[in-house]
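Student: I would like a close look at a single part of this model, namely the place where the ligand sits. Could you take me through it carefully?

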Amino acid sequence: MGEFKPLVFSGVQPTGNLHLGNYLGAIRKFVALQENNDCMYCVVDLHALTAQLVHDDMPGQIRSITAAFLAAGIDPKQHIVFNQSQVPQHSELAWIFNCVARLGWMNRMTQFKDKAGKDREQASLGLYAYPSLMAADILVYRATHVPVGEDQKQHLELTRDIAMKFNIDFMDKIRPTGLGIDITVGEEPVHAYFPMVEPLIDGPAPRVMSLKDGTKKMSKSDPSDLSRINLMDDADAISRKIRKAKTDPDALPSEVDGLKGRPEADNLVGIFAALADKTKAEVLGEFGGQQFSVFKPALVDLSIEVLAPINAEMRRLMADPSYIDSVLRDGGARARERAEKTMNEVRDIIGFVR
Ligand code: TRP
């Protein structure tokens with residue numbers, strides 16, 4: 001009975017500006033995980049083509065996600081920070097996975113249905129194959145743990161299905177190579193080349209909602225910039241957006257239960273709690289009975305305290321694109337070395353002559 005070496009992998013698309021929801025939901029988790037794990041964080045530029053083929057400023061988008069990773073505290077020497085297109089092995093493994101995944105599996109993907117919309121005939125083949133590339137991103141490093149948002153859970157289940165089918169279909173070819181590991185999946189003993197990835201979804205990350213509508217997720221595609229706090233917003237912008245955030249006329253409740261049916265109040269308390277590393281109950285312990293005229297300035301101060309240093313560091317990094325590019329190139333080279341090792345093993349398992 002063996003075990004795969006723990007490895008954390010995650011990806012962020014270089015589309016649109018990063019906002020507070022991305023920071024609290026993803027990047028802050030990435031930073032925390034690097035303490036005790038080998039981590040790889042990837043700017044998934046190939047995936048960005050599925051949203052829109054031609055981008056106004058693709059290099060700037062890639063650099064700004066990278067700058068956010070670094071500014072938030074990810075260490076690119078200890079870990080690996082890179083962009084997907086520098087490692088062609090992702091695309092190569094994705095092709096193999098296209099031949100592993102079944103149409104029936106792909107047809108169940110809710111994100112495809114949402115993004116393709118009504119006119120599915122006009123959706124790109126890339127949008128359809130997106131989850132297969134995502135599985136390849138992870139498995140080309142045989143990564144074991146993937147921090148993602150709730151919305152990516154189904155894609156990780158597909159990743160497990162792809163890994164499982166590959167392991168089973170190629171079991172007799174994997175065994176003699178000595179590259180596989182005996183694992184149990186549920187009750188099932190499997191001689192596996194690819195691990196069954198574990199999503200890391202829970203944790204302190206709240207669902208950060210729009211500042212203008214507490215029932216909608218904070219989103220980079222919301223037409224109103226007042227609905228979100230961007231990581232590139234300066235102190236003035238942060239302050240203005242929080243002061244203008246929608247609220248209701250009542251004072252804050254003293255108990256978490258009192259936030260029910262008050263989505264805007266719930267959201268602002270949740271943001272405060274996440275930024276302060278406290279529970280909502282603790283925040284309400286402090287602010288219960290207070291008006292928003294007291295709570296909002298406290299939230300402004302806290303937001304600026306946490307975000308201003310990240311913002312300043314992002315700006316500093318963005319002023320030196322050649323440094324960012326060198327980080328990506330270095331990360332890309334180290335990632336390629338790992339990915340090529342896997343691909344050679346996969347080529348041998350499949351039986352490609354090399
Ligand atoms: N689909 C992910 C998202 O939109 C981005 C992504 C691509 C990803 N490849 C990945 C996340 C691999 C985790 C692991 O958020």
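Tutor: What follows is an account of the ligand site, with a short look at one helix afterwards. The model is predicted, and the values below are computed from it. The space that the ligand takes up is the largest pocket, and the elements that give two or more residues to the shell around the ligand are β1 (8–12) and α7 (125–139). Of these contributions, the largest share of the shell, four residues, comes from α7. There are 13 residues around the ligand, and those that come nearest are Gly11, Tyr130, Met134, Asp137 and Gln152. Three side chains make polar contacts with nitrogen of the ligand: an N or O atom in the side chain of Tyr130 is 2.6 Å from a ligand nitrogen atom, an N or O atom in the side chain of Asp137 is 2.7 Å from a ligand nitrogen atom, and a polar side-chain atom of Gln152 lies 2.8 Å from a nitrogen atom of the ligand. Taken alone, the ligand exposes 360 Å², of which the protein buries 88%.

Turning to helix α3, its 15 residues (58–72) should span 21 Å at 1.5 Å a residue, and this agrees with the 21 Å between its end C-alpha atoms. Twelve of the 15 residues of α3 are buried, so the helix is largely enclosed by the rest of the structure; among them are Met58, Ile62, Phe69 and Leu70. At the start of α3, a side-chain oxygen of Asp57 reaches to within 3.0 Å of the backbone nitrogen of Gly60, while just after α3 Gly73 takes a positive phi of about 115 degrees.

How values were computed: Residues are numbered from 1 along each chain as its sequence is written. This is a predicted model: local features need pLDDT of at least 70, side-chain atom pairs count only at pLDDT 80 or more; totals for chains, interfaces and linings use all residues. Side-chain values use heavy atoms; hydrogens and water are left out. The expected span of a helix is 1.5 Å times one less than its number of residues. Buried means under 20% relative accessible area, exposed over 50%, partly exposed in between (1.4 Å probe, protein chains only). A polar contact is a pair of N or O atoms within 3.5 Å; within protein, one must be able to donate a hydrogen and the other to accept it, and residues adjacent in sequence count only if both atoms are side-chain atoms. A residue is near a molecule or strand if one of its heavy atoms lies within 4 Å of it. Accessible areas come from the Shrake-Rupley method with a 1.4 Å probe; for residues, only the protein chains shown count as cover. On a 1 Å grid over the protein atoms alone, a cavity is a set of points where a 1.4 Å probe fits but cannot get out, and a pocket is an open set with protein on both sides within 12 Å along at least five of seven lines; lining residues have an atom within 4 Å of a point. A molecule sits in a cavity or pocket if more than half of its atoms lie within 2 Å of its grid points.
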